[in-house]
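Subject: Structure for you to look at

Hello,

Here is the structure I said I would pass on. Please open it first and keep it in view while you read the notes.

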Amino acid sequence: MASTIQQKQLQSTSEFLKLRSYHPPSWASNLNPLPSHAFNLGHFPTPIHKWNLPNLPKDTEVWLKRDDLSGMQLSGNKIRKLEFLLADAVAQGADCIITIGRIQSNHCRAAAVAAKYLNLDCFLILQTSELLVETDPGLTGNLLVERLVGAHIDLVSKEEYSSIGSLTLTNLLKGKLIKEGRKPYVIPAGGSNSLGTWGYIEAIREIEHQSQEGAIKQNFDDIISACGSGGTVAGLSIASWLSELKAKVTAFCICDEPEHFYDYLQGLLDGLEAGVKSHDIVKIENAKGIGYGMNTAEELKFVKEIAETTGVILDPVSSGKAAYGMMKDMAQNPAKWQGRKILFIHTGGLLGLFDKNDEMTSLVGKWRRMEIDKSIPRIDGIGKML
């Protein structure tokens, strides 16, 4: 396993954007179908380090898997899925991709950049409010990156997204592009299908190496992650269950209800012929709060306090809500978590914070006009910018 990880490290640094043959870990070799290729899109392995969170239960330790550091414009968990999905797109002769998500979708931003790296056009269907669907979506956060790299954006209202469904919407655009002579490849919301799930099956192999043979030498009792589209959690869950890691996976869902995700994950697992029930390999907790992409003042205050005390910036949509849910449960049920060694997956999403400027302004301060007494000598030419 060590040689495989070392080879992956070498490929991801010296052969960035190259297509590589993929060989699954031995414990996942009975899954079907097995992907044959993947692109090197991320900077892996991402670091794991101790996370000095305040007010943890006695003898509890939390470690952080920094998938927010998986790449610049591509930062976050979505790259792992796109490595496999875009390899399939290219293998099928696609000249463009179609994908779908909310207006500040991290997945859509990552897909737009990765597609351009591979000389593919990108068509995004983005959900916004009924009031804004006829107006320019602006350049805030993920939208800025998407529009800079030339992604084609189709806006739909929340009502249209809910009543028509993402599959029908992407197929409508696919049919239109085919009539125009294009060869589109459709990627589902979040990159979360059975093929995309391999991104986090591979991540568990990476974690297994880091915890057993790497620098940290740490066995984990729990793995915790946000759950927004299901693919990340499906990969973490089936791989932890199959591998020697055997960590208990808990997912904090940031939209919909837990039962929706148990059902969706079951579909992904069945698509891999995993032969296991989702209820048996993952615990899904509700952390959506007042709704997807919406935050209470308490949640935003939590994001600010974690940044101030630990230096780790969480996004308000996914990792922030998951960490908030974890810490809230620890405060309410300390005996449940006492002495546990926990690995929290930071799924990225920093750009989503730019959409919260107005709400965050009152939480941050520590600025002032520097006081410079008039008696301080002023010398012409000193300090001039060249």
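The notes below go from the annotated domain to a helix, two residues and the cysteines.

Please keep in mind that this is a predicted model.

The domain. An unreviewed UniProt entry annotates residues 41–348 as "domain: Tryptophan synthase beta chain-like PALP". Helix makes up 43% of that span and strand 18%. The C-alpha atoms at the two ends of residues 41–348 are 15 Å apart.

Helix H2. This helix runs over residues 78–91, which is 14 residues. At 1.5 Å a residue it should span 20 Å, and its end C-alpha atoms are indeed 20 Å apart, so the two values agree. Of the 14 residues, 11 are buried, so H2 is largely enclosed by the rest of the structure. Among the buried ones are Lys78, Ile79, Arg80, Lys81 and Leu82. Glu83 is on the buried list too, as are Phe84 and Ala89. Just after H2 comes Gly93, which has a positive phi of about 80°.

Lys78. The same kind of record, an unreviewed UniProt entry, marks Lys78 as "modified residue: N6-(pyridoxal phosphate)lysine". Lys78 is part of helix H2. Is it buried or exposed? Its relative accessibility is 14%, and the cut-off for buried is under 20%, so Lys78 counts as buried. If neighbours within four places in sequence are set aside, Lys78 contacts Asn106, His107, Ala110, Gly190 and Ser229.

Ser70. This residue sits in the loop between strand S4 (61–66) and H2. Ser70 is buried, with a relative accessible area of 0%. A polar atom of the Ser70 side chain lies 2.8 Å from the backbone oxygen of Gly76. Not counting residues up to four places away in sequence, Ser70 touches Gly42, His43, Phe44, Thr46, Ser75, Gly76 and Ile79. Of these, Ile79 is also one of the buried residues of H2.

The cysteines. How many disulfides does the structure hold? The count is 0. For Cys96, the nearest cysteine sulfur is that of Cys122, 8.9 Å away. A disulfide needs the two sulfur atoms within 2.5 Å, so Cys96 is in no disulfide. Cys122 is in no disulfide either; the nearest cysteine sulfur to it belongs to Cys108, at 7.3 Å. Both residues are buried: Cys96 has 0% relative accessibility, and Cys122 has a relative accessible area of 1%.

Regards

Definitions and conventions: Residues are numbered from 1 along each chain as its sequence is written. This is a predicted model: local features need pLDDT of at least 70, side-chain atom pairs count only at pLDDT 80 or more; totals for chains, interfaces and linings use all residues. Side-chain values use heavy atoms; hydrogens and water are left out. UniProt positions are given in the numbering used here, feature names are shortened, and annotations may be inferred rather than shown by experiment. Helices (H or I, at least four residues) and strands (E, at least two) are DSSP runs, numbered from the N terminus. The expected span of a helix is 1.5 Å times one less than its number of residues. Buried means under 20% relative accessible area, exposed over 50%, partly exposed in between (1.4 Å probe, protein chains only). A polar contact is a pair of N or O atoms within 3.5 Å; within protein, one must be able to donate a hydrogen and the other to accept it, and residues adjacent in sequence count only if both atoms are side-chain atoms. Contact means heavy atoms within 4.5 Å.
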